[in-house]
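Subject: Structure for you to look at

Hello,

Please find the structure below. My notes on it follow.

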Amino acid sequence: MAVGLLAGRAGRLALLLVGVAVACFALMELSPVDPIDAYVGAEVTRIGPEQRALIAERFGLDEPPLVRFGLWAGRLLRGDLGTSTIYNAPVIGVIAQRFVASLALLATAWALSGLLGFGLGILAAVKRGSPVDRAIRWWAYTLASAPTFWVALLLLTTFSVTLGWTPVCCATPVGIDPADATLWQRLHHLLLPAATLSLVGIAPITLHTREQAIEILRSDFVTFARAQGEHGRGLVRHRLLRNVAVPALLLQFASLSELFGGAVLAEAVFNYPGLGQSTVQAGLRGDVPLLLGIALFTTLFVFAGNTLGDVVHGIVDPRVGSLHRGARP
Amino acid sequence: MSLLSVEGFSLSFVQYETGLRRRRLEVITDLDLEVDAGELVAVVGSSGSGKSLLAHAILGVLPSNAAEGGRIAYDGAPLDAARRTALRGREIALIPQSVTFLDPLARVGAQAQRAADLVGVTDPAGAARTAFRRLDLGHSVADRYPHELSGGMARRVLTATATIGIPRLVLADEPTPGLHPAVVTETLGGLRLMADRGAAVMLITHDLLRAVEVADRIAVFYAGTTVEVAPAAAFTGDGAALRHPYTRALWQALPQHGFTPLPGAQPPPTDLPPGCLFTDRCPLVVPECRQARPAARQVDQSLVRCIRA
Amino acid sequence: MLEARDLRFRYRRDDPWVVDGVDLCVEPGEVVGLRGPSGRGKTTVARLLAGYLAPDRGRVLVDGAPLVRGGQPVQLVSQHPELAVDPRWRLAEILAEAGPVDADLLDALSIARGWLDRYPHELSGGELQRVTVARALLSGATYVVADEVSAMLDPITQAQIWHVLLDRVRRGGIGLVAICHDDPLLDVVAGRVVDLSAPVRVAARS
Amino acid sequence: MTAVGETLGRRPGSPPRAGAAKSLGLTDRRARTLVQIGLGVAALVAMVIAGTMLAPAAELTDLTARRQPPSLAHPFGTDWLGRDMLARTLVGLRLSLAVGTLAASVSAVVALLLAAAAGALGRRVDAGVSWLVDLFLAVPHLVLLILIAFAAGRGAAGVIIAVAVTHWPSLTRLLRGEARRVAASDYVAASQRLGRSGWWVARRHLLRHLVPQFTVGLVLLFPHAILHEAALSFLGLGLSPHAPAIGIILSDAMRYLSAGAWWLAVLPGVALLAVVKAVDMVGENLRALLDPRSVHE
């Protein structure tokens, strides 16, 4: 039974990647920016036509679109994503190295916002209508309306500029070789970007969890539990937590798309050398191979999140799980 | 003095409508009811008329937008919030209607064990197993999830879980719908057994015939109040022994007793008439009926809320 | 005549048959009862007869012609009226969908005019069921399938609804399929009864 | 527990007053809903008007008043060219709202068309629409925005197209889900049995259910669109650098943070937050009016 599901999912992933590849390639074609100008960047005025022809030939930029797509797709299938024009290195290498840098940021923010959002949501629901609930809801609504990059700016201004507690930018202290940076220094630099991403991530999770928890507290089985004498902490621990956690987990895995968007902005403000920053650079300087690589990679990243979410959901929720195990009453 | 006595009890809700309208639902108005130890009293009325809320009110598990009025006394003393919290699950038990009252993500055995834990038994796991055995549920049932139970099995699991603390007052809410007739008989037999063993049992149902088969007294619920509380014996023949016109009409509408329908419909909870609630359908109506709500008075063995009974 | 010939149906391919070879026919002016323990596919038969579901095997015929998707002289009244009416419509619209309002029918079913500008959630199950019965009859249907219509209702509402239905059978000549588990009711309303738990044959009753 | 009974002047247990009033008219909670919608809309309108009137003032450079902190003359202070920041912020917000409106209307049209097509034109079209939605939602939203902004050649056209074209999927999925639920209902089956045509069902049933969802979904689209436009502009992929867009204002402000000009970054951000919150408030309260059961007050 499980193998069938995996095959189905792999099929869907393949179809999705093909779709994204075609759509993104078409988008790149539409761009009025001449790839050669973008590649050369500022010195474009000083290179002659022969050099332009040389660059075009080296990066295969002079073929008709369909042929270039065929070439690109062919190389893609062989695992070669081409060379990044701004880093002058294979796209796969750039993505891998940059993603590892972003991973620390994404993981901490993902875990932190998940736990805090879940806790605050349940607290607000259990104390519905009280000042605590109103405060949490007001805070979550305000954060949800705040632009991520502005929150980053706010933290940067207060903690780095005014108080000087945290570094102004980058992942490792400026001036020393990143390899030599100690763990503490890396964490110190990770503090503000992760704080930004977590703060912004908490808001939607809190609101969704609160909504779900209120629904559960109104349910029949909570009424029966209360009729058995369950109340307060016992009710939360025995009946509420799991019933809210199951949909919350699904939502948590589905939030990777929004999370990566936040990372792009946080990395831009704190000049953090992650995949988000290179996405922006690729967009600004027209690095088409890197952009395409990132689009495909992040699709994979989001799809993996959703798949993991479904797998965990199947394990945690017996109603779904029994479908796979074929249990019949 | 009866174990549970409900006097002039009223229950209303405030609901919000699309747009600006807010409306008040007077679901229960002026309800009087008494249930004694060792007695099974049935509260009979059409489904969705608010009867289940009476059980939820007694236990104090009403939703927040409910407003209660009147007095409920248990064991001689008023049943206030503190006593409700203390007695819930231990002395007063609710047997709910359907499998939706069980936690979908927890095995039924674990839920029964938690109920035993709340009652304060020394060995919750053991108590749960005994309760399941009492309702002859195999031990494999304990490992199942609610959605894996058949109708009859869910019925027995609900009863076992609710009565782990050997309660003195049992409130059974609509236990009969959707079940095979044999399972209904078995379920009602179980309630009868609890009453015979000294518990006070309130059976809430829309099924008049089944109620008459098993109850000692029947309280007929109409538009939010009990119009008559009659002994089961009164429900015989063509219903001559029944005092209230609505009860008689109810009895005579049954397929076995003439199947004669009484025209009209119950007044909606948002728009209750001032006087007796049955005025617009009552064959015996007189002008005084419209002035004030008739008080409940004793006529033969029945408690009747009708000036012409 | 509304006729079901060797109806078979199951929800998923590898499931056992929910409806396993049911034959049934009803003439205008006749009431045919369908009895069987709960869970033996009574509701599924009702939905097949009314064209809500298509049978996997066997056919449903109205005067010899197979049931088509569009408008049909067969109307279903189900056990749960709240699911069979659009929650965002007022009752007047619900009735108007079936046809011009017939005052006598509304009086016979004790549908108060005050209800007509209300929404379904403002009415009780019994009140809503009267409206769905009125809708089925207003549509001028020749056949009505009543699936446990009064299972959850108090005896008076039940008697009212069945009297109107039986009256339409006698006077209006509609054919009625009455599905319910309550034997005393079935004995009173049904001319002959098909028993689902019995082997696959039309169990003719005197 | 008997609070509500008392406040209505009815002693518990006494028979209710003659003909208890059916509906209690304008009530405190619903009044608050109306007031909040009014406030939200009024704030947005005032902001748009102010933005229009102050447009010329936003360009006035006054080199004598460079980088002044917030004062009565310049509540939001001035930037490195002495331009009044309040004026620039208001003009920027007007621009953001305009982009939001455009994005919402494009998304509305696309979502309605696709949801209707999915509902009406059978299973294959429905599968196609659902796959298209999954495709657009497969790539992280901001990455897709960057791709489209790049494809559309940066500048105003780029960001507007990017924001407009990427917000319809979530609305479509919402509408399609609702349409499928209604289409599978018993009351639609009853309509068909009564001989009603597909169009009649769509007009009388589907529309009645989709409009509330659509309206609320549409209004709640604004905040996303505005924030994404600001983000793109901030990253330099949005509006041209000299346009007074909030994103640009905030990204310029970054350069002067170390010089202590905190107001250049903080105050415009607060203004943007206020606008987004106003729109969000209107959306949430509209939902309370249109679909009361879905709101947990």
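To start with one detail of a sheet in this predicted model: V74(C) has Y143(C) as its bridge partner in β7(C). The two strands involved, β6(C) and β7 (residues 143-147) of chain C, run parallel and are joined over four bridges. They belong to an open sheet of five strands with parallel pairing, in the order β6-β7-β8-β3-β9 (chain C). At its edges lie β6 (74-77) and β9 (192-195) of chain C, each of which pairs on one side only. From one strand to the next, the twist averages 20 degrees.

V74(C) is also touched by L49(C), as are L2(C), A4(C), V60(C), V145(C) and V177(C), leaving aside residues up to four places away in sequence. The largest nonpolar core has 329 residues, and L49(C), V201(B) and L147(D) are the ones that touch the most other members. Nonpolar side chains tend to be buried together in soluble globular proteins.

In chain D, I looked at helix α7 (residues 168-183). Its 16 residues at 1.5 Å each should span 22 Å, and the end C-alpha atoms are 22 Å apart, so the two agree. Its buried residues include W168(D), R173(D), R176(D) and V182(D). The buried residues of α7(D) pack against α3 (85-120), α4 (122-138), α8 (186-193), α9 (198-219) and α10 (221-234) of chain D.

As for the chains, five pairs touch, and chains A and D share the most contacts. Chains A and C do not touch, with their nearest C-alpha atoms 11 Å apart. Between chains C and D, the contact takes 17 residues from chain C and twelve from chain D. On the chain C side, six are nonpolar, seven polar and four charged.

Regards

Conventions:
Residues numbered from 1 in each chain as written. Chains lettered and ligands numbered in written order. Predicted model: local features only at pLDDT ≥ 70, side-chain atom pairs only at ≥ 80, totals over all residues. Contact = placed C-beta atoms within 7 Å. Nonpolar A, V, L, I, M, F, W, Y, C, P; charged D, E, K, R; others polar. Core = buried A, V, L, I, M, F, W, Y, C linked by C-beta atoms within 7 Å. Buried ≥ 20, exposed ≤ 12 C-beta atoms within 10 Å, placed from the backbone. Expected span 1.5 Å × (residues − 1). Pairing = 2+ DSSP bridges. Axes fitted to C-alpha atoms, helices over the stretch in contact; angles between N-to-C directions.
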